[in-house]
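Subject: Structure handover

Hello,

Here is the structure for you to look over. My notes on cavities and salt bridges follow.

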Amino acid sequence: MPAVTIPYVPRHVAPQTTTEDLEWADLPIIDISKARTPEGRTELAPQMHDAMRTHGFLYIVNHGLTQAQNDRIFDIADVPFTQVPEDEKLKFTSTIKDSGSYRGYKFRQLWAIDGEVRDQIEHYQFFEQERHPEALQPLLPEINAFAAHNHYNVLVPILQLLARGMDLPEDAFVNVHGFDSTTGYVRFMKYWPRTEDEETKTKSVWLKGHTDIGTITILWSQPISALQVMSPDGKWRWVRHIDNALVINIGDSMEMLTGGYYKATIHRVIQPPADQRNLERLGVFYFTMAKDDTKLVPFTESPKLQQEGVKRRIDDENAPTMGEWRKGIIRSYGFTKLQRRDDKIEEEVVNGILVKHYN
């Protein structure tokens, strides 16, 4: 057989981790390789259940990609930002507020962060679109394979374990997730350093405390510290980088599907510590959603949920579908003027559901 030629991309050199003594979140670590067998899933289900009930965040290790493969994905992730001319980028963006979609590019300074300060975040998202910049074209097979790996080797076992934790059939949540352009998104994201004036005006907050739109978020751990989670005691704590690990969290849609049994966890992004402060922060994500026509109502057949009691964010009759919720949040995030409830929380209503932002 002829040798397979791997397209060349410039090397993205990962920065060093911080040496600062930060207050780290004590998040559980789950070896997902054990989920390949029924016996392994039986062993892992209580661990996943307790982690998501207590923290809402956890690490996944032994997911099936090597460190070299991980490094290659981060090389590819930098391409949309460093190898695509600015005029070409303009051809691959959408009017986010109108479309309710992040397909292609989202440019810097789109979202209002605090007062007149806007974000310094650019991202490129796949796969709602068929066309991509020329520099990405030869890389699409690898990006497609990466998406499939996230879906089948990471997301599916997580969903199976979460269902077991509620005494539901193992594929209850898997069945409302597909592998297509509306249920899973690879997103490459870059955060640029901000000015001292911007940091002062926003109290160093880059993204306010929030919960994610979808069901499960898969973040590929990277060395620049900036992500913080709100711990069970109400304190913000940093998420530590672990080489070739994944950081997993529950989103709003899973909270609604489980009637509050698994809660979406509040997290934010702030200015990195001093020894990483002037670095560009590259992120790799796989965001997952239920199918667009899935109504976000609880799986009330769960014995665990029946025992604990359902906590709805909206009456079943008025609950949005996944597609309605996704588009509603995307159209409002960073555009809507928030109503301040107190000195910590700002609020808005999307599809009849109260959404809180923590600052």
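A salt bridge here means a side-chain nitrogen of Lys or Arg within 4 Å of a carboxyl oxygen of Asp or Glu. The model is predicted.

**Salt bridges**

The search of the whole structure gives 25 salt bridges. One of them pairs Glu122 with Lys89, at 3.0 Å from N to O. Glu122 sits in strand S6 and Lys89 in helix H4, so this pair links parts that are 33 residues apart in sequence. Glu122 is buried at 5% relative accessible area, and Lys89 is buried at 1%.

Arg313 and Asp252 also meet in a salt bridge, 3.1 Å from N to O. Arg313 is in the loop between helix H9 and H10, and Asp252 is in helix H8, so the pair ties together parts 61 residues apart in sequence. Arg313 is partly exposed at 26%. Asp252 is buried at 3%.

Arg341 bridges to Glu347, with the closest N and O atoms 3.5 Å apart. Arg341 is partly exposed at 45%, while Glu347 is buried at 17%. Arg11, Asp71 and Asp75 form one network through shared salt-bridge partners.

**Cavities**

There are 4 cavities of 30 Å³ or more. The largest has a volume of about 600 Å³. It is lined by 36 residues, and Arg187, His210, Asp212, His267 and Phe287 are the closest to its centre. Strand S14 supplies the largest share of that lining, 5 residues. The lining has 19 nonpolar, 10 polar and 7 charged residues.

The second largest cavity has a volume of about 110 Å³. Its 14 lining residues include Ser221, Gln222, Ile224, Val239 and Arg281, the closest to its centre.

Best regards

Terms used
Residues are numbered from 1 along each chain as its sequence is written. This is a predicted model: local features need pLDDT of at least 70, side-chain atom pairs count only at pLDDT 80 or more; totals for chains, interfaces and linings use all residues. Side-chain values use heavy atoms; hydrogens and water are left out. On a 1 Å grid over the protein atoms alone, a cavity is a set of points where a 1.4 Å probe fits but cannot get out, and a pocket is an open set with protein on both sides within 12 Å along at least five of seven lines; lining residues have an atom within 4 Å of a point. Grid points are joined across faces, edges and corners, and a volume is the space filled by probe spheres set on the points. Helices (H or I, at least four residues) and strands (E, at least two) are DSSP runs, numbered from the N terminus. Ala, Val, Leu, Ile, Met, Phe, Trp, Tyr, Cys and Pro count as nonpolar, Asp, Glu, Lys and Arg as charged, and the others, Gly among them, as polar. Buried means under 20% relative accessible area, exposed over 50%, partly exposed in between (1.4 Å probe, protein chains only).
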